[in-house]
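Reader: I'd like to learn how to read a few features off a model. Could you walk me through some cases?

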Amino acid sequence: MNTRLLALAALTAALSMSAACGSQGGNSAAPVAANETATDMTTETPSAEASESVTPSPSASPAVSGTPVGAGCSSLPASGKGSPAELAKVPVGTALADIPSLSTLARVVKKAGLAETLNSAQDITVFAPTNDAFSKIPKSQLDQMMSNRKSLRGLLAYHVVKGRKAPADMHGELTSLEGRKLTVSGSDSSLKVNDAAVTCGNIATSNATVYTVDKVLMPR
């Protein structure tokens, strides 16, 4: 089994264990914070500091063909760093940091020490909250989330599913790496994940497909 599959298996197993330790609740940070007793991933995942300098894997999967769809795609640069053509050449952990509207998410991923894990994963779909999505969370609640690495990892795992999902695959229920379900509805430019609207979908990176969403998805 190659190292990318091992890395993804470690992420899935550890974060699913976090989900099992979580308590049920509403749309707040509380259910996520309840994962505080879950198994730590420090021994399985490089530190946040080590994630700062990530290079694309030479054997990463070819990017899925297709054009980004959605009104929010107009915010992507037309060329150069952060443009669809350049994003398709780098793994998703790096791509998140290259997209201006996802700078807060990139900071959260770095804080959780998961940039390298995302870069090493193979064939996943990431639902990426925009900067505006994070701004909807009260600062005190966001600070609480950011201060707990285990709960942060559980929250991020809820935003990732196995397999690259094209817009045509976006329907019904999807199982997140955190273990709980995501409900996808709508079609094309009107897709929703739970109660969050997809602002730009089908963004290809070298190892993943990204859909930006206008709310942070909270496990229910």
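Author: Start with the side chain of Arg164, which reaches the backbone oxygen of Thr205 at 3.3 Å. Keep in mind that this is a predicted model.

Reader: Which other side chain does Arg164 join in a polar contact?

Author: That of Asp123, and the contact is 3.1 Å. As for its place in the chain, Arg164 sits in the loop between E2 and E3.

Reader: Is Arg164 buried or exposed?

Author: The cut-off for buried is under 20% relative accessible area. Arg164 comes out at 15%, so it counts as buried.

Reader: On to charged pairs. What's the general idea there?

Author: Side chains of opposite charge can pair when their charged atoms come close.

Reader: And how many salt bridges turn up in the whole structure?

Author: The search gives 6. One of them is between the side chains of Asp98 and Lys81, at 3.7 Å from N to O. This pair ties together distant parts of the chain, 17 residues apart: Asp98 belongs to helix H4 (residues 92-98), while Lys81 is in the loop between helix H2 (30-33) and helix H3 (84-87).

Reader: Of those two, which is buried and which is exposed?

Author: Asp98 is the buried partner, at 16% relative accessible area. Lys81, at 62%, is exposed.

Reader: What other salt bridge could I look at, say for Lys89?

Author: Lys89 meets Glu86 there, side chain to side chain, with 3.1 Å from N to O. Lys89 is exposed, its relative accessible area being 53%, whereas Glu86 has 32% and is partly exposed.

Reader: Where does Asp195 find its salt-bridge partner?

Author: At Lys215: the two side chains meet at 3.4 Å, N to O. Here too the pair links distant parts of the chain, 20 residues apart, with Asp195 in the loop between strand E5 (192-193) and strand E6 (196-204), and Lys215 in the segment after strand E7 (208-213). Asp195 is partly exposed at 38% relative accessibility, and Lys215 is partly exposed at 31%.

Reader: Those strands make me curious about the sheet. In what order do the strands run?

Author: Read it as E2-E1-E7-E6-E5-E4-E3. That's 7 strands in an open sheet with mixed pairing. Strand E2 (160-162) and strand E3 (172-175) are the edge strands, each pairing on one side only.

Reader: And in what sense do E6 and E7 pair, parallel or antiparallel?

Author: Antiparallel, over 4 bridges. For a residue-level view, take Ile203, whose bridge partner in E7 is Val210.

Reader: Last one: how do I read a residue that contacts others away from its own stretch of sequence? Say, which residues does Phe134 touch?

Author: Begin by setting aside the neighbours within four places in sequence. What's left for Phe134 is Thr104, Leu105, Val108, Pro129, Leu142 and Val216. Val216 makes a nice case: Phe134 and Val216 are 82 residues apart in sequence, yet their C-alpha atoms are 6.4 Å apart in space.

Reader: Where does Phe134 sit in the chain, and is it buried or exposed?

Author: Phe134 is part of helix H7 (residues 131-135). Its relative accessible area is 5%, so Phe134 is buried.

Methods. Residues are numbered from 1 along each chain as its sequence is written. This is a predicted model: local features need pLDDT of at least 70, side-chain atom pairs count only at pLDDT 80 or more; totals for chains, interfaces and linings use all residues. Side-chain values use heavy atoms; hydrogens and water are left out. A salt bridge is a side-chain nitrogen of Lys or Arg within 4 Å of a carboxyl oxygen of Asp or Glu. Helices (H or I, at least four residues) and strands (E, at least two) are DSSP runs, numbered from the N terminus. Buried means under 20% relative accessible area, exposed over 50%, partly exposed in between (1.4 Å probe, protein chains only). Two strands pair if DSSP finds at least two bridges between them. A polar contact is a pair of N or O atoms within 3.5 Å; within protein, one must be able to donate a hydrogen and the other to accept it, and residues adjacent in sequence count only if both atoms are side-chain atoms. Contact means heavy atoms within 4.5 Å.
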